[in-house]
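User: I would like to go through this model and ask, point by point, what justifies the words used to describe it. Please set each value against its cut-off before concluding.

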Amino acid sequence: APTVVIVGAGQAGSQTATSLREEGFAGRIILIGDEPHLPYQRPPLSKGHITGNSSRDRLWLHPRSFYEQHEVEVLLSERVTTIDRAAGTVLLDSGVSLGYDHLVIATGARNRSLPLQGAALDGVVGLRTLTEADDIRCRLADVSNVVVVGGGFIGLEVASTAVKLKIPTVVVELADRLMGRVLSPRMGDYLLDAHRSRGLHVELGVNVANFSGRDGRVTTVTTSDGREFPADLVLVGVGAVPNTELADAAGLPTDNGILVDEFLTTADPRISAVGDCAACPNPYAQGRIVRLESVHNATAQPRCLAARIAGTPEPYHSVPWFWSDQADLKLQIAGLTTGSDESVVRGSPADGKFSVFCFDDGTLRAVESLNRPGDHMASRKLLSAGGTLTPEQAADTAFDLKAHIA
Ligand code: FAD
């Protein structure tokens with residue numbers, strides 16, 4: 001029977017193993033991860049987990065017994081160091097070599113670091129792993145001032161948690177908007193006001209110059225305009241870079257992600273890539289090659305890939321969607337916002353319940369919903385079905401979206 005080796009035991013790696021069994025794949029499955037934990041969900045790490053409100057047990061994607069029952073061999077604290085394509089093997093840092101018939105790269109992404117003076121001080125942290133989240137949780141219980149570098153999703157989730165814990169918190173963002181790369185200006189501006197009115201101090205259009213401290217611990221963040229902000233915890237949330245080194249070293253093409261076709265295959269037909277590490281042509285980006293960092297992408301791509309390995313190939317075309325919880329602000333996004341030239345609002349920003357429908361050349365491309373989950377679900381269905389909607393219909397709350405799709 002064929003052997004599938006999966007490198008990376010995160011959301012996408014675990015889902016690949018699970019989906020292969022669901023698809024009836026009867027061969028050997030080996031799942032290799034360099035973290036010490038069984039595969040877990042990352043979203044709670046920047047939300048309930050750091051306040052201590054959510055239980056650790058709820059993070060695991062599956063209990064250990066699940067992998068045993070489904071005959072998935074899970075190797076933890078093991079790092080794949082080399083792919084030998086000619087031999088069809090991967091080499092682990094423990095010295096073990098494993099043969100594959102099909103190799104799945106699901107190595108995810110890692111936090112971008114800031115090459116600034118003082119970045120190595122104690123108290124300057126990133127958030128990607130459970131180990132880092134546990135550390136932040138401990139520190140939050142005992143800090144006076146938090147500075148978050150970067151006004152993206154993870155930074156704002158942690159910042160709003162710190163504000164909820166009544167810790168004075170400053171977000172420093174280089175751009176002139178929050179989440180400017182992924183949200184419409186309308187939603188970004190609304191969230192800026194919403195965070196400020198909840199007590200978060202947001203500085204836009206400023207760079208961080210350096211971090212300084214005392215006895216090896218951070219005390220101050222200095223911005224490029226010379227201002228100093230006190231901080232005994234600094235979260236650096238300036239985005240992630242895909243883990244493509246294994247693929248690069250094996251001679252597989254990469255460009256901000258491991259390049260795969262619409263069937264998620266790399267340039268080598270025996271090697272595929274899924275999740276945060278993969279860059280793939282996306283029909284919801286008009287066929288452009290995009291790399292997405294979302295739970296949806298890290299579950300839908302593995303399902304598509306598993307079906308192909310098990311014998312029923314289908315191109316990947318699943319409507320991208322994403323969520324972020326920032327304090328009481330429940331944001332959900334369907335589709336991809338980039339490149340929209342017209343947007344209309346449905347619902348009531350004054351009540352904190354509205355959606356922004358983003359159109360490009362009259363075609364609906366994305367819908368950002370704030371505390372309006374019904375709009376989000378309807379939009380996903382509409383985008384998936386390729387249905388049409390006019391800006392006038394979207395803006396008219398009397399127009400029944402659900403009935404329109406059905
Ligand atoms: P990962 O989950 O990163 O898993 C990759 C694994 O591979 C890692 O364990 C890595 O250590 C391991 N690995 C790498 N190289 C090797 C190697 N050579 N050998 C062995 N193992 C290796 N998405 C949402 O949709 N909504 C959210 O609210 C949300 N919140 C998030 C909050 C946080 C704090 C973070 C970090 C992410 C969040 N995301 C969210 C994004 C989502 O978690 C990721 O898109 C998803 O985890 C990607 O899964 P993955 O398996 O591709 O990568």
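User: What share of the contacts in the protein chain with a separation of 6 or more comes from residues 24 or more positions apart?

Analyst: The model is a predicted one, and in it residues 24 or more positions apart account for 61% of the contacts with a separation of 6 or more. The protein chain in which these contacts are counted has ten helices and 26 strands.

User: Why is the protein chain called as compact as a globular protein of that length?

Analyst: The radius of gyration is 22 Å, and the globule rule gives 22 Å for 406 residues, so the protein chain is as compact as a globular protein of that length. Along the principal axes, its C-alpha atoms fill a box of roughly 60 × 60 × 35 Å, and buried residues make up 51% of the 406 residues.

User: Why is the pair of Tyr40 and Trp60 called edge-to-face?

Analyst: Two conditions have to be satisfied, namely ring centres within 6.5 Å and planes over 60 degrees apart. The centres of Tyr40 and Trp60 lie 6.4 Å apart and their planes are at 80°, so the pair is edge-to-face. Tyr40 and Trp60 are 20 residues apart, both in the loop between strand 2 (28-32) and helix 2 (64-69), and the pair links distant parts of the chain.

User: Why is the pair of Trp321 and Trp323 called tilted?

Analyst: Planes under 30 degrees apart would count as stacked and planes over 60 as edge-to-face, with the rest tilted. The planes of Trp321 and Trp323 are at 35°, with the ring centres 6.1 Å apart, so this pair is tilted. By the pairing rule, the count for the model comes to five aromatic pairs.

User: What makes Tyr40 buried or exposed, and how do Trp60, Trp321 and Trp323 count?

Analyst: Buried means under 20% relative accessible area, exposed means over 50%, and partly exposed is in between. Tyr40, at 4%, therefore counts as buried, whereas Trp60, at 25%, counts as partly exposed. Trp321, with a relative accessible area of 24%, is partly exposed, and Trp323, with 26%, is likewise partly exposed.

User: Which residues of helix 3 are buried, and what covers them?

Analyst: In helix 3 (residues 130-140), the buried residues are Leu130, Ala133, Ile136, Arg139 and Leu140. Their cover includes strand 9 (124-125), strand 10 (146-149), helix 4 (153-164) and strand 16 (233-236). An α-helix has 3.6 residues a turn, so residues three or four places apart point the same way.

User: How do Gln286 and Asp361 count in terms of accessibility, and what is said of the phi of each?

Analyst: Gln286, in the loop between strand 20 (278-281) and strand 21 (289-290), has a positive phi of about 55° although it is not a glycine. Its relative accessibility is 43%, so Gln286 counts as partly exposed. Asp361, in the loop between strand 25 (353-360) and strand 26 (363-370), also has a positive phi of about 55° without being a glycine. With a relative accessible area of 69%, which is over 50%, Asp361 is exposed.

User: Where does Ile405 lie, and what is Ile405 in contact with beyond its neighbours within four places in sequence?

Analyst: Ile405 lies in helix 10 (residues 401-405) and, leaving those neighbours aside, is in contact with Ala378, Lys381 and Leu382. Ile405 and Leu382 are 23 residues apart in sequence, yet their C-alpha atoms are 6.0 Å apart in space. The relative accessible area of Ile405 is 26%, so Ile405 is partly exposed.

Methods:
Residues are numbered from 1 along each chain as its sequence is written. This is a predicted model: local features need pLDDT of at least 70, side-chain atom pairs count only at pLDDT 80 or more; totals for chains, interfaces and linings use all residues. Side-chain values use heavy atoms; hydrogens and water are left out. Helices (H or I, at least four residues) and strands (E, at least two) are DSSP runs, numbered from the N terminus. The radius of gyration is taken over C-alpha atoms; the globule rule is 2.2 Å times the number of residues to the power 0.38. Buried means under 20% relative accessible area, exposed over 50%, partly exposed in between (1.4 Å probe, protein chains only). Contact means heavy atoms within 4.5 Å. Rings of Phe, Tyr and Trp (its six-membered ring) pair if their centres lie within 6.5 Å; planes under 30 degrees apart count as stacked, over 60 as edge-to-face and the rest as tilted.
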